[in-house]
Amino acid sequence: MITTYNTVMMKPQDNVAVALSNIAAGALVHVVCQDKTFEIVLKDAIEFGHKFAVVPIKKGEDVLKYGEVIGVASQEIAAGDHVHVHNVEGKRGRGDKVEYTKLP
Amino acid sequence: MSTQNFPKFWGYRRPDGRVGVRNHVLILPTITCATQAAKQITELVQGTVSFIHQHGCAQVGVDYEQTFRTYVGMGTNPNVYGVVVLGLGCETHQARSVAGEIAKSGKPVEVVSIQDHGGTLGAIAQGARIAAKMAQDASALMREPIDFSELIVGTECGGSDACSGLSANPAVGVVSDMIVDRGGTAILAETTELIGAEHLLANRAVDERVAKRVYEVIEAMENRAIAMGVDIRTGNPSPGNRKGGLTTLEEKSLGAAAKAGTRPLQELIEYAQVPTKKGLVWMDTPGHDIEQLTGMVAGGAQIVLFTSGRGTPTGSPIAPVIKIATNTPMFESMTENMDLNAGTIVDGIESIESVGQRIFAEIGSVASGKLTKAEILKQYDFGIWRIGPTF
């Protein structure tokens, strides 16, 4: 039986797509965005609204959604991996990355 | 329902020429010590509203001014017919000063002070007497047909999920454009939740000066997190946002920016400031839902569109808040809080444009008197964005 999973990929240059239903690990998903199509086996279960990689993303590489940078990969991400706080960091508002000097 | 059903809406014309969609008598406590008495007055007199807060004393400088501007903005919002300004007497934010500013709008304003009226019960009695007269005068006012160009519509998203940027926010973007095209004003806010999307807005600024201000307010907001030595993600996106699939603030911001539609950005205004231009304007507020809502309402927004993925009860004592769900399961589980469902877009059964048309039609109905869910549940939220410590 072929199951069709509902997913959305916002822009062709994105490296992630969003699950629009709960999808089990091991599922084969078909992702389409304009002229690009991907056949991906999900490595993890992906909950409704969560992201998965459509291509491999190297550690330190920008993660793209809406055709824009949403953060940076904090570890190697394979196609089909769940993409979330465990493997992506924000690049903005990072006071923790700045050496903190106490006010006089 | 097509928008043609609402070429105009039915509103209340105020003495200063502005137009209200509600006709409240506001009991305005200028100090936290007076909020309980203010609430008691609203329980005695029909047609009155108030709000609880923690502000009004031992504030200085820009923080004092921002709170003052917010109080005055709540009183002058055209949804308010008249105001009873209730003070304690000894506080920093003097009731008389606030009332003096509100009086410039030409609406009825009276001052009651707990210390001058022999304590709590005397002040409640005096405030209720004044409010009762105002409430009857207000009720004699008739609504009249008003053009959409006289509307200031606030836009907001709270309790976002990954659907916010796919369904409800783009639909609100359609509405923002519709309001702007009819000569009205749409407020974009939540500066925190535009970090990472600022270049998209700056590119739409009407001139270099506005574009520069976009980068300035973003930098100032981002620097607050940096000055605290923390990753902003520890507070935003919130745990609920993350559970909903939002990973970083930049991702949340790109979805939030969809509320701004596609029209040029006319100006960047201060928190609780009344827009000086028509069209799309950006108010500098934090992402905190209630502080943002309060800023926009104090800035004169008569109606607020509020999208939510996780679901929220948020409302204002004086402005109807139309709550729009980003996904169908939440709309169905929190039906007493949510007014409209944009989850139909994610379900693949309705277009973004069509949901935008539905929201616009609802604005016409609500502006003419239809109650929102938050109004029915008396969800009277209020919170001022504090920018300095208390002394």
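This is a tour of a predicted two-chain model, one selection at a time.

**Stop 1: the sheet in chain A**

Select strands S1, S2, S5 and S8 of chain A. Together they form an open sheet, in the order S1-S2-S5-S8, with antiparallel pairing. Look at the two ends of that order. S1 and S8 (82-83) are the edge strands, each with a single partner, so one side of each has no neighbour in the sheet.

Now walk across the sheet, pair by pair. S1 (residues 7-8) is joined to S2(A) by two bridges, and the two strands run antiparallel. Pick A:Thr7: its bridge partner in S2(A) is A:Ala19. Next comes the pairing of S2(A) with S5 (residues 51-53), antiparallel over three bridges. Here A:Ala17 has A:Phe52 as its bridge partner in S5(A). Finally, S5(A) pairs with S8(A), again in the antiparallel sense, over two bridges. Label A:Phe52 and A:His82; they stand opposite one another, with A:His82 in S8(A).

**Stop 2: the two faces of S2(A)**

Stay on S2 of chain A, residues 16-19. Are the residues on its two sides buried or exposed? Colour A:Val16 and A:Val18 for one side, then A:Ala17 and A:Ala19 for the other: all are buried, and both faces of the strand are covered.

**Stop 3: a hairpin and its next partner**

Move to S6 (residues 62-65) and S7 (residues 68-73) of chain A. Four bridges join them, and they run antiparallel. To check the register, pick A:Asp62, whose bridge partner in S7(A) is A:Val72. S6(A) and S7(A) make a hairpin with two residues between them. Select A:Tyr66 in the turn: its phi is positive, at about 60 degrees.

S7(A) has a further pairing to follow. S9 (residues 88-89) of chain A pairs with S7(A) in the antiparallel sense over two bridges. A:Ala73 and A:Val88 are bridge partners there, the latter in S9(A).

**Stop 4: an annotated stretch of chain A**

Select residues 14-89 of chain A. UniProt gives this range the feature "domain: SAF", from an unreviewed entry. Over that range the chain is 43% strand and 0% helix. Draw a distance between the end C-alpha atoms; they are 17 Å apart.

**Stop 5: where chain B touches chain A**

Show both chains. How many residues of chain B are in contact with chain A? There are 26, and they touch 26 residues of chain A. On the chain B side, the elements giving two or more residues are helix H7 (208-227) and helix H9 (249-256). By class, this side of chain B has 13 nonpolar, six polar and seven charged residues.

**Stop 6: the domains of chain B**

Colour chain B in two parts: domain 1 (24-139) and domain 2 (146-376). Their centres, taken over C-alpha atoms, are 29 Å apart. The contact between them takes 14 residues from domain 1 and 13 residues from domain 2.

Which elements give two or more residues to the domain 1 side? Select strand S3 (24-29) and helix H2 (61-76) of chain B. H2(B) supplies the largest share of that side, with five residues. The domain 1 side holds six nonpolar, seven polar and one charged residues.

**Stop 7: helix H4 of chain B**

Select residues 120-139 of chain B, which make up helix H4. This helix has 20 residues. From first C-alpha to last it reaches 28 Å, close to the 28 Å expected at 1.5 Å a residue.

Show its buried side chains. Among them are B:Ile124, B:Gln126, B:Ile130 and B:Met134. Then add what the buried residues of H4(B) pack against: S3, helix H1 (35-44), strand S4 (48-49), strand S5 (80-87) and strand S6 (109-113) of chain B.

**Stop 8: B:Thr192**

End on a single residue. B:Thr192 lies in the loop between strand S9 (185-188) and helix H6 (198-202) of chain B. Why does B:Thr192 count as buried? It has 24 C-beta neighbours inside 10 Å, and the cut-off for buried is 20 or more.

Show its contacts too. Beyond neighbours within four places in sequence, B:Thr192 touches B:Met221, B:Asn236, B:Pro286 and B:Gly287. For a last distance, pick the C-alpha atoms of B:Thr192 and B:Asn341. They are 149 residues apart along the chain and separated by 26 Å.

Technical notes:
Residues are numbered from 1 along each chain as its sequence is written. Chains are lettered from A and ligands numbered from 1 in the order in which they are written. This is a predicted model: local features need pLDDT of at least 70, side-chain atom pairs count only at pLDDT 80 or more; totals for chains, interfaces and linings use all residues. A residue is buried if 20 or more other C-beta atoms lie within 10 Å of its own, exposed if 12 or fewer, and partly exposed in between; C-beta atoms are placed from the backbone. Two residues are in contact if their C-beta atoms, placed from the backbone, lie within 7 Å. Ala, Val, Leu, Ile, Met, Phe, Trp, Tyr, Cys and Pro count as nonpolar, Asp, Glu, Lys and Arg as charged, and the others, Gly among them, as polar. Domain bounds come from an automatic or database domain assignment. Two strands pair if DSSP finds at least two bridges between them. The expected span of a helix is 1.5 Å times one less than its number of residues. UniProt positions are given in the numbering used here, feature names are shortened, and annotations may be inferred rather than shown by experiment.
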